[in-house]
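This report describes a single protein chain, beginning with one residue and then widening to the cysteines and the overall fold. The sequence and structure are shown below.

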Amino acid sequence: MTSYFDALETRSQDARESAQLQALNTQLAKHGYDALEDLSGLAALPVLRKSELAAKQAEAPPFGGLPVSNLAHVFQSPGPIYEPGGVSPDWWRMGRFLHACGIGQGDIVQNCFGYHLTPAGMIFESGARAVGAAVLPAGTGQTELQARAARDIGITAYAGTPDYLKVILEKADEMGLELTIDRAAVGGGALFPSLRQYYADRGISCLQCYATADLGNVAYESNAMEGMILDEHVIVEIVTPGTGDPVPEGEVGEIVVTTLNPDYPLIRFATGDLSAVLPGASPCGRTNTRIKGWMGRADQTTKIKGMFVRPEQVAQLVAKHPEISRARVVASRNGEMDAMTVRIETEARAIDGLEASIVEVLKLKADVDLVGIGELPRDGLVIEDQRKYD
């Protein structure tokens with residue numbers, strides 16, 4: 001097996017950005033946008049949130065009027081949200097991740113992602129096909145049968161959620177079956193260090209990817225295990241939650257993805273997940289940008305005093321006052337009552353009309369705490385819930 005899935009993984013950043021800009025402008029034309037001069041121009045376009053996609057699809061089923069071509073499958077995710085699927089080679093771009101896991105010709109992958117309604121099973125199967133591996137389409141459940149099939153077939157690699165492989169391994173131990181799985185490609189949940197170590201202690205190399213039903217593969221680990229490397233056919237921005245404004249490199253924010261899939265060109269799709277860009281390139285030799293991986297949810301909507309406060313509202317408050325650099329809503333308790341403080345990062349010693357704006361935008365009264373520039377944490381939170389319920 002060669003070191004890299006393709007030459008795209010090691011090209012220069014200038015070459016990458018030039019090719020991505022050309023593909024992006026082709027996508028933008030399908031949406032009726034003007035061509036951009038460089039990738040930074042994306043920040044001026046509107047963000048598409050999952051809730052908005054569901055509403056669009058309800059008005060214009062099944063795909064909300066978005067330009068979809070070469071349709072082969074239709075999938076349904078909770079919401080419901082409908083996603084198209086294609087059958088052109090590696091349509092969801094998962095082969096690059098499986099190759100990084102060391103999976104290829106001669107391997108048989110036990111694919112324990114679901115095949116019914118949701119696309120995860122097909123996403124990983126198409127990736128296995130791209131690297132020349134065979135697949136046992138196992139799905140989830142029937143663990144005894146899964147363990148026996150893994151032994152009988154001689155399964156060499158696992159694909160599925162991080163924790164389900166442990167269930168299969170423990171069932172095989174209980175049944176006295178010796179399995180030959182030595183690689184695992186996981187996603188769809190948190191891979192905790194203790195679980196990764198459990199697999200390593202059993203001789204199983206376990207790497208994870210970050211993918212969604214709408215976008216396919218977005219980022220993946222290599223054997224360097226230093227962050228996740230962006231896929232070559234997506235453009236990722238990290239923005240302040242509730243806005244489309246990119247954060248400075250290294251700060252935590254919401255992952256917004258533009259996919260360069262000509263069959264389903266999603267532009268600035270807000271995933272609702274938090275991450276941050278890692279500086280430099282991976283020691284494995286792949287040259288694309290890295291992110292830290294999943295760092296929580298950007299949808300920090302919180303109920304305070306019986307009212308929902310949303311990140312979008314915090315962004316509206318900041319936009320109303322040019323003196324405000326950034327803001328953070330803090331929910332706490334005062335005895336048995338909810339309390340709310342709005343922390344404002346500003347150079348001003350006072351901001352006219354701020355209390356009235358808070359009531360207008362957030363629909364609640366709050367204490368105000370003015371702090372200096374740089375004093376609010378750069379952790380991606382715009383709403384912090386400090387209340388304890390135990």
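## N223 and its surroundings

In this predicted model, N223 is exposed, because its relative accessible area is 62%; here buried means under 20% relative accessible area, exposed over 50%, and partly exposed in between, with a 1.4 Å probe and protein chains only. N223 lies in the loop that joins β9 (216-220) to β10 (228-230), where strands are DSSP runs of E with at least two residues and helices are runs of H or I with at least four, both numbered from the N terminus.

Leaving aside residues up to four places away in sequence, N223 touches L207 and C284, a contact being defined by heavy atoms within 4.5 Å. Between the C-alpha atoms of N223 and K388, which are 165 residues apart along the chain, the separation is 39 Å.

## Cysteines

The count of disulfides is 0, a disulfide being a pair of cysteine sulfur atoms within 2.5 Å. For C101, the closest cysteine sulfur belongs to C206 and is 7.9 Å away, which is too far for a bond; for C206, the closest cysteine sulfur is in turn that of C101.

Both residues fall in the buried class: C101 because its relative accessibility is 7%, and C206 because its relative accessibility is 3%.

## Overall fold and dimensions

The chain contains 9 helices and 21 strands. Its radius of gyration of 23 Å agrees with the value near 21 Å that a compact globule of 390 residues would have, where the radius is taken over C-alpha atoms and the globule rule is 2.2 Å times the number of residues to the power 0.38. Along the principal axes, the C-alpha atoms fill a box of roughly 70 × 55 × 45 Å.

Of the 390 residues, 51% are buried. Among contacts with a separation of 6 or more, 62% are made by residues 24 or more positions apart.

## Surface and charge

About 18000 Å² of the chain is exposed, and carbon and sulfur atoms supply 51% of that area, as computed by the Shrake-Rupley method with a 1.4 Å probe. There are 35 positive and 51 negative side chains, with the centres of the two sets 3 Å apart; Lys and Arg count as positive and Asp and Glu as negative, while His and the chain ends are not counted, and each charge is placed at NZ of Lys, CZ of Arg, CG of Asp or CD of Glu.

## Basis of the values

Residues are numbered from 1 along each chain as its sequence is written, and side-chain values use heavy atoms, with hydrogens and water left out. Because the model is predicted, local features need pLDDT of at least 70 and side-chain atom pairs count only at pLDDT 80 or more, whereas totals for chains, interfaces and linings use all residues.
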